[in-house]
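Student: I've got a structure open and I'd like to go through it with you. Can we take it one label at a time, with the reasoning behind each?

Tutor: Sure, pull it up and we'll start.

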Amino acid sequence: MYVHLKPAFLMLLVLTLLTGAVYPAAVTGLAQLFAADQANGSLIPSADGDARGSRLIGQAFSDGKYFWGRPSATAPYPYNAAASSGSNLGPSNPALVQAVSARIAALRATDTGNSASIPVDLVTASGSGLDPHISPAAAAYQVPRVAKQRGLPVAALQEFVERHVELRQFGILGEARVNVVELNLALDRSTSLKPVR
Amino acid sequence: MTANSLLQITVYVLVLLACAKPLGGYMARIYEDRPAGLNRWLAPVERLIYRLCSINPAVEMRWTDYAVALLLFNLLGLLALFALQRLQGVLPLNPQDLPGISPDSAFNTAVSFATNTNWQGYGGETTMSYLTQMLGLTVQNFVSAATGMAALVALTRGFARRNADTIGNFWVDLTRSTLYILLPLASVLALVLVSQGVVQTFSPYRTVALTQPVTYEQAKLGDDGQTLKDAAGNAVNEPVEVREQTLAVGPAASQIAIKQLGTNGGGFFNVNSAHPFENPTPLSNFLEMLAILLIPAALCYTFGVMVRDTRQGWAILAAMTVVFVTLIFVAVPLEQAGNPALSALGVDQQAQAAQPGGNMEGKELRFGITNSALWAVATTAASNGSVNAMHDSFTPLGGMIPMWLMQLGEVIYGGVGSGLYGMIVFAIVAVFVAGLMIGRTPEYLGKKIEAYEVKMASLVILIPPFVVLVGTAVAVMVDVGKASVANAGAHGFSEILYAFSSAGNNNGSAFAGLSANTPFYNTALGLAMLFARYWLAVPTLAIAGALAAKKVVPFGPGSLPTHTPLFVVLLIGTVLIVGALAFLPVLALGPVVEHLQLFGLH
């Protein structure tokens, strides 16, 4: 047994250096060299130099003039990107039904008159609590509300949203989606959308 | 099921199977020390490692020596990881000033990563320093995988050799697995993942401005630091406004690549591969999902090459694939059907071009239903355990599929190395059962299967159900076990059962509502992981030693061919019957009851 102790100890040391120091350092160096933007969090630049968020991380929106994202279960507040979390509510948990009912009520309250059925992704919490995307259907559902709040023509806003739809990767992988953070930033910035007089 | 769903699943399975032969052949050349490119260019590095560690690669080991070397190496790794976690507060590369980990959590995590389970009792971004993630967790991701591959290669030599008393050199198998297989694959995958948006930096967490500030209620504290109470005894809340978002980053891509390739599954962040910085795009998802099953599937071909009959490897791969594909087509429609409790509220769960629909609680929009359910099946078929959706929020039967796949013993592809050696043990049992039925001495790959091998095989097959069922029984009987449950009723029982199924088969995924970072669960699940790993690896090596010593029986008219569809069916039957018989009653108490309650109500 003792004959194996020395190689075991030395082997752990050597492999620790190789896989725990050399490997991650080399990957970091190459990543920073060739893909610094992605390696540092895909930040959204702004005119004043400060980042306006990350293209990959959602933000909480509850103002009627913005498109809302997926509900987030992070604590202590939604979209806390320093502590990712899902709700882990089971399918038969009454708390799930309560949470979804409350979200439906909030959507209906800011958008009276819209009786379309609500796409499921808009009222269910994402796995990470940081999902930046909603489905095109969930975006379309919110167009009448956002148009009204901003005084924009519905058709023009609908077309604006459609331009922000990301299709399946290579036409096959994943799902069609709309990035809520980028869409709202574009909406605030847009000069092409003209309010209805 | 939509046409696109079918297409995504088909592409995934085809690409996986297409990789089996080239990668499997490459690995066989590595283990047999035949020229394979890398093992010639990097040969000086390999020789340097042996020299530094005073190892003579030419010296072969008996199975007992092999087992002792394996156990010692794993024990030292476990101790190092424990110490690193306890001391991280005073060590460098800790930009968030995270404190040392509690003893029970550090024990659990050290065991978890050394045993290739990678159960996460902790939330990565709120607990582990960059140094711990790299020098501790990433290292164990590599070497625990390489340990499994070494044990498999040793068992394979048991079949390939005749009248031999040794089964190889553990240090050589460990080094070659790491240097020529895991490191190159991980380096390439890590860089591709970065290109998709996976973070890889040593900088501290990044703060950015929010477009719309968030306000939330927080309990108000008095001057004494205690929560203030009003006259009625209720806590007083105060509103807090958050104007910034702190983005947790770190050297993630390098760890995620090996966590997937080595069937480890321990994420850099709390929510694992559901986190957009860990799995940002459908392409990154596809590659990570491919990496889960890549090596376990390819090792079947490696096995065939090394026993000089590739048909044997294909037969095992076929058995695994049949079970895998069948369960995909059970799980995906179950999740796509959605939650009847939400249909009652008027929520639209219908899959369309403009929305994934289905049971989206706990799932990411970019992956939708198909990639979430497909991942769940893949990660539990392999003993990977990484998740891209929260299994706890799956439909009752949709969540039962991953649970049952773990309970089958992690042999449908399974962990790197460990999955195939588990499946070979099932094959030994299958030929034994067939031998009893036709009244002949069972043989497998020309080796007589006798009492000793069957006893060892029985240990390998029976220990995981024993650990899972006894662990679950104990946890539901004690208050500390029940207190951690997040969802009441049958689903709460499923949470506990899932935890022990995961630990008792070295998977690592969770019904994560269960608060498992408690002294009880850290200890109980830690022990379950230890038993499940080493009580299986040691009997497997014993079989390897016994087989290597045997002579080869020529294939005769009375021998059972083990590469035919008939044998594939027999092997699947053995796996399913053992899995089904041991776990059907307990599954009836959890997921099945919940399903009947949920669908009966609506």
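Tutor: A term to begin with: a polar contact is a pair of N or O atoms within 3.5 Å, and within protein one must be able to donate a hydrogen and the other to accept it. Keep in mind that this is a predicted model.

Student: How many residue pairs are in polar contact between chain B and chain A?

Tutor: There are 42 such pairs between the two chains, both residues being at pLDDT 80 or more. On chain B's side of the interface, helix H8 (residues 170-196) gives the largest share, 13 residues. Sorted by class, that side has 64 nonpolar, 38 polar and 11 charged residues.

Student: What makes A:Asp131 and B:Arg366 a salt bridge?

Tutor: The closest N and O atoms of A:Asp131 and B:Arg366 are 3.9 Å apart. The cut-off is 4 Å between a side-chain nitrogen of Lys or Arg and a carboxyl oxygen of Asp or Glu, so the pair qualifies. The count between chain B and chain A is 1 salt bridge, while a search over all chains finds 22.

Student: Why is the pairing of A:Arg55 with A:Asp37 called a salt bridge?

Tutor: Here the closest N and O atoms are 2.9 Å apart, and the limit is 4 Å, so the label applies. The two residues sit in distant parts of the chain, 18 residues apart: A:Asp37 is in helix H2 of chain A, and A:Arg55 is in the loop between H2 (36-39) and H3 (94-109).

Student: How do you know how much area is buried between chain B and chain A?

Tutor: Buried area is the accessible area two parts lose on being put together, summed over both. For these chains that comes to about 8,500 Å², with carbon and sulfur atoms giving 66%. B:Thr211, B:Glu361 and B:Leu365 supply 9% of what chain B buries against chain A, more than any other three residues. In contact terms, 113 residues of chain B meet 101 residues of chain A.

Student: Why are H18(B) and H19(B) called oblique to each other?

Tutor: Helices H18 (residues 490-503) and H19 (residues 519-549) of chain B pack at an angle of about 40°, with axes 8 Å apart. Roughly parallel needs an angle under 35 degrees and roughly perpendicular needs 65 to 115, so this pair counts as oblique. Among the residues making the contact are B:Phe500 of H18(B) and B:Met529 of H19(B). By class, this contact has 10 nonpolar, no polar and no charged residues.

Student: What is special about the backbone at B:Ser54?

Tutor: B:Ser54 has a positive phi of about 40° although it is not a glycine. Most residues other than glycine have a negative phi.

Technical notes:
Residues are numbered from 1 along each chain as its sequence is written. Chains are lettered from A and ligands numbered from 1 in the order in which they are written. This is a predicted model: local features need pLDDT of at least 70, side-chain atom pairs count only at pLDDT 80 or more; totals for chains, interfaces and linings use all residues. Side-chain values use heavy atoms; hydrogens and water are left out. Axes are lines fitted to C-alpha atoms, for helices over the stretch in contact, and angles run from 0 to 180 degrees between N-to-C directions. Helices (H or I, at least four residues) and strands (E, at least two) are DSSP runs, numbered from the N terminus. Angles under 35 degrees count as roughly parallel, over 145 as roughly antiparallel, 65 to 115 as roughly perpendicular and the rest as oblique. Contact means heavy atoms within 4.5 Å. Ala, Val, Leu, Ile, Met, Phe, Trp, Tyr, Cys and Pro count as nonpolar, Asp, Glu, Lys and Arg as charged, and the others, Gly among them, as polar. Buried area is the accessible area (1.4 Å probe) that two parts lose on being put together, summed over both. A polar contact is a pair of N or O atoms within 3.5 Å; within protein, one must be able to donate a hydrogen and the other to accept it, and residues adjacent in sequence count only if both atoms are side-chain atoms.
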